[in-house]
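Biologist: Please take me through this chain term by term. I want each label set against its cut-off.

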Amino acid sequence: MIKSFFNEFKKFAMRGNVMDMAVGIIIGASFGKIVDSMVKDIMMPPIGLLLGKVDFSDLKIVLADDVAINYGVFLNNIISFIIVAFAVFILIKAVNKLQEKMIKEEAAAPTTKKCPFCCEDIPLAAVKCPHCTADLPKK
């Protein structure tokens, strides 16, 4: 019983879509770290400098000694989200454009030709017309 359970789990885990999802999650987590670093280390310092040497991660409203609302960290996270959302939008837009191009190319490629004797549509690879039984010229 336990062996069949593990065999079933192995079969599930090794399916293509599960593996693709795992790779996507790993890459997404790494991408999130890169975006987080870009916001904190590259974008926010110049913005803070323009606003009077303000470090957004230090912005907070102190409610008590150890209790504060860290709205600066929240602002950093909003900017990170906007960057990730924009990057995903650009990626999806590029993939959709590529898919449209591939679909158009597939649709444009002919799959049939006209028989020179009876003018019926026949497959491109045909060497004999199925309609008039004529031998087709080789090209």
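The exchange below goes from the whole chain to helices, surface, salt bridges and backbone angles.

Modeller: This is a predicted model, in which local features need pLDDT of at least 70 and side-chain atom pairs count only at pLDDT 80 or more, while totals for chains, interfaces and linings use all residues. Residues are numbered from 1 along each chain as its sequence is written, and side-chain values use heavy atoms, with hydrogens and water left out.

Biologist: What makes up the protein chain, in helices and strands, and in what order?

Modeller: The protein chain has three helices and four strands, in the order α-α-β-β-α-β-β from the N terminus. Both kinds of element are DSSP runs numbered from the N terminus: helices are H or I with at least four residues, strands are E with at least two.

Biologist: How does the radius of gyration of the protein chain stand against that of a compact globule?

Modeller: The protein chain has 30 Å, where a compact globule of 139 residues would have a value near 14 Å. The radius is taken over C-alpha atoms, and the globule rule is 2.2 Å times the number of residues to the power 0.38. Along the principal axes, the C-alpha atoms fill a box of roughly 95 × 60 × 20 Å. Of the 139 residues, 12% are buried. Among contacts with a separation of 6 or more, 18% join residues 24 or more positions apart; contact means heavy atoms within 4.5 Å.

Biologist: How do you know that the span of α3 agrees with its 38 residues?

Modeller: The expected span is 1.5 Å times one less than the number of residues. For the 38 residues of α3 that should be 56 Å, and the end C-alpha atoms are 55 Å apart, which agrees. Helix α1 (residues 2-13) has twelve residues and reaches 16 Å, close to the 16 Å expected.

Biologist: Why is α1 said to lie largely in the open?

Modeller: Of its twelve residues, the number buried is one, so α1 lies largely in the open. Buried means under 20% relative accessible area, exposed over 50%, and partly exposed in between (1.4 Å probe, protein chains only).

Biologist: Why is Asn-76 called buried?

Modeller: Asn-76 has a relative accessible area of 4%, so it is buried. This residue lies in helix α3, where Gly-72, Ser-80 and Ile-83 are buried as well. Beyond its neighbours within four places in sequence, Asn-76 is in contact with Val-39, Lys-40, Met-44, Phe-56 and Ser-57.

Biologist: Why does Phe-81 count as exposed?

Modeller: Its relative accessible area is 59%, so Phe-81 is exposed. Phe-81 is in helix α3 too, and is one of the residues of a nonpolar surface patch of about 950 Å².

Biologist: What makes a patch, and which helix gives the most to the nonpolar one?

Modeller: Patch residues have over 30% relative accessible area and no salt bridge; like charges are joined within 9 Å, and nonpolar side chains (Val, Leu, Ile, Met, Phe, Trp, Tyr) within 5 Å. Helix α3 (residues 71-108) gives the most to the nonpolar patch, with six residues. The patch also includes Ile-61, Leu-63, Val-67 and Ile-69.

Biologist: What makes Lys-114 and Asp-121 a salt bridge?

Modeller: The rule asks for a side-chain nitrogen of Lys or Arg within 4 Å of a carboxyl oxygen of Asp or Glu. The closest N and O atoms of Lys-114 and Asp-121 are 3.2 Å apart, and the pair forms a salt bridge. By this rule the count comes to two; Asp-135 forms a salt bridge with Lys-128, at 2.9 Å.

Biologist: Are these partners buried or exposed?

Modeller: Lys-114 is exposed at 55%, and Asp-135 is exposed at 55%. Asp-121 is partly exposed at 45%, and Lys-128 is partly exposed at 43%.

Biologist: What is notable about phi in Cys-119?

Modeller: Most residues other than glycine have a negative phi. Phi of Cys-119 is near 65 degrees, a positive value in a residue other than glycine. Cys-119 is in the loop between β3 (112-114) and β4 (121-123) and is exposed, with a relative accessible area of 52%. Thr-133, in the segment after β4, has a positive phi of about 60 degrees although it is not a glycine.

Technical notes:
Areas by Shrake-Rupley, 256 points an atom, 1.4 Å probe, with all protein chains shown as cover.
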